[in-house]
Amino acid sequence: MPKTRIDNIDRKIIDALQVDGRMTAQQLADKVGLSASPCARRVRLMEEMRVITGYTAVIDQDLVDLPISVFASIKLERQRENELERFNAAIARWPEVVDCYLMTGQRDYLLRVVVRDLHAYERFLKEKLTRLDGVASIESSFALAQIKRSNRLPVEL
């Protein structure tokens with residue numbers, strides 16, 4: 001029967017991998033106090049359970065010439081399931097949208113859009129976002145500076 005809950009050792013593994021997802025199985029095992037084989041088994045099981053959903057490199061957006069982050073609040077004309085699904089499908093296709101949240105409150109969605117410059121954001125608005133059926137309004141806010149960014153979840157140990 002597959003494991004369905006994570007324990008403290010799993011949490012230590014998760015915490016260690018969030019700091020360095022490239023460490024070897026032996027390095028990870030040493031860090032969490034296991035031998036390599038049981039540690040690798042736990043990682044594989046958490047991958048199968050989708051607790052660990054992938055591994056990625058963290059990129060400095062300024063150094064790849066994408067310095068602009070825009071937060072766009074979107075209000076839809078209606079919040080029916082088919083309109084939400086259509087919006088979700090469109091957003092999933094657009095690489096400029098790096099984060100998208102369905103929200104409570106005055107707006108329906110909050111997007112983080114990453115672009116090279118103001119003209120690129122204008123093109124994104126005109127060629128993609130404003131052409132999407134069902135969008136009632138868009139409010140854009142430009143980030144002046146990034147104070148903190150983390151993909152590391154506060155997994156309690």
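**Pockets, helix packing and a four-stranded sheet**

Sorted by class, the residues lining the second largest pocket come out as 13 nonpolar, five polar and five charged. The model is a predicted one, and this pocket has a volume of about 500 Å³. Its lining takes in 23 residues, and those closest to the centre are Gln-61, Ser-69, Arg-112, Gln-146 and Arg-149. Two elements, strand 1 (68-76) and strand 3 (109-115), give two or more residues each to this lining.

The largest pocket comes in at about 750 Å³. Here 21 residues do the lining, with Leu-17, Gln-18, Gly-54, Thr-56 and Asn-151 closest to the centre. The class split for the largest pocket is ten nonpolar, seven polar and four charged residues.

Leu-17 turns up again in the helix packing, as one of the helix 1 residues that meet helix 3. Two packed helices are described by the angle between their axes and the distance between the axes. For helix 1 (residues 8-19) and helix 3, those values are about 80° and 11 Å, and the two helices are therefore roughly perpendicular to each other. On the helix 1 side, the contact is made by Ile-9, Asp-10, Ile-13, Ile-14 and Leu-17; on the helix 3 side, Cys-39, Arg-42, Val-43 and Met-46 take part. That gives seven nonpolar and two charged residues, with no polar ones.

Helix 3 (residues 36-48) also packs against helix 2 (residues 25-32): the axes come within 9 Å and cross at roughly 100°. Helix 2 and helix 3 are therefore roughly perpendicular to each other as well. Gln-26, Leu-28, Ala-29 and Val-32 of helix 2 meet Ala-36, Cys-39 and Val-43 of helix 3. Six of these residues are nonpolar and one is polar, while none is charged. Cys-39 and Val-43 thus appear in the contact with helix 2 and in the one with helix 1.

Then there is the sheet, an open one of four strands in the order 2-3-1-4, with antiparallel pairing. Strand 2 (97-102) and strand 4 (135-142) sit at the edges with a single partner strand each, so one side of each has no neighbour in the sheet. On average, and ignoring direction, neighbouring strands are turned by 20° against each other. Strand 1 and strand 4 run antiparallel and are joined by seven bridges; Ile-74, for instance, has Ile-138 in strand 4 as its bridge partner. Helix 4 (residues 81-93) lies across strand 1, strand 2, strand 3 and strand 4, and runs at about 15° to strand 3.

Methods
Residues are numbered from 1 along each chain as its sequence is written. This is a predicted model: local features need pLDDT of at least 70, side-chain atom pairs count only at pLDDT 80 or more; totals for chains, interfaces and linings use all residues. Side-chain values use heavy atoms; hydrogens and water are left out. Axes are lines fitted to C-alpha atoms, for helices over the stretch in contact, and angles run from 0 to 180 degrees between N-to-C directions. Angles under 35 degrees count as roughly parallel, over 145 as roughly antiparallel, 65 to 115 as roughly perpendicular and the rest as oblique. Contact means heavy atoms within 4.5 Å. Ala, Val, Leu, Ile, Met, Phe, Trp, Tyr, Cys and Pro count as nonpolar, Asp, Glu, Lys and Arg as charged, and the others, Gly among them, as polar. On a 1 Å grid over the protein atoms alone, a cavity is a set of points where a 1.4 Å probe fits but cannot get out, and a pocket is an open set with protein on both sides within 12 Å along at least five of seven lines; lining residues have an atom within 4 Å of a point. Grid points are joined across faces, edges and corners, and a volume is the space filled by probe spheres set on the points. Two strands pair if DSSP finds at least two bridges between them.
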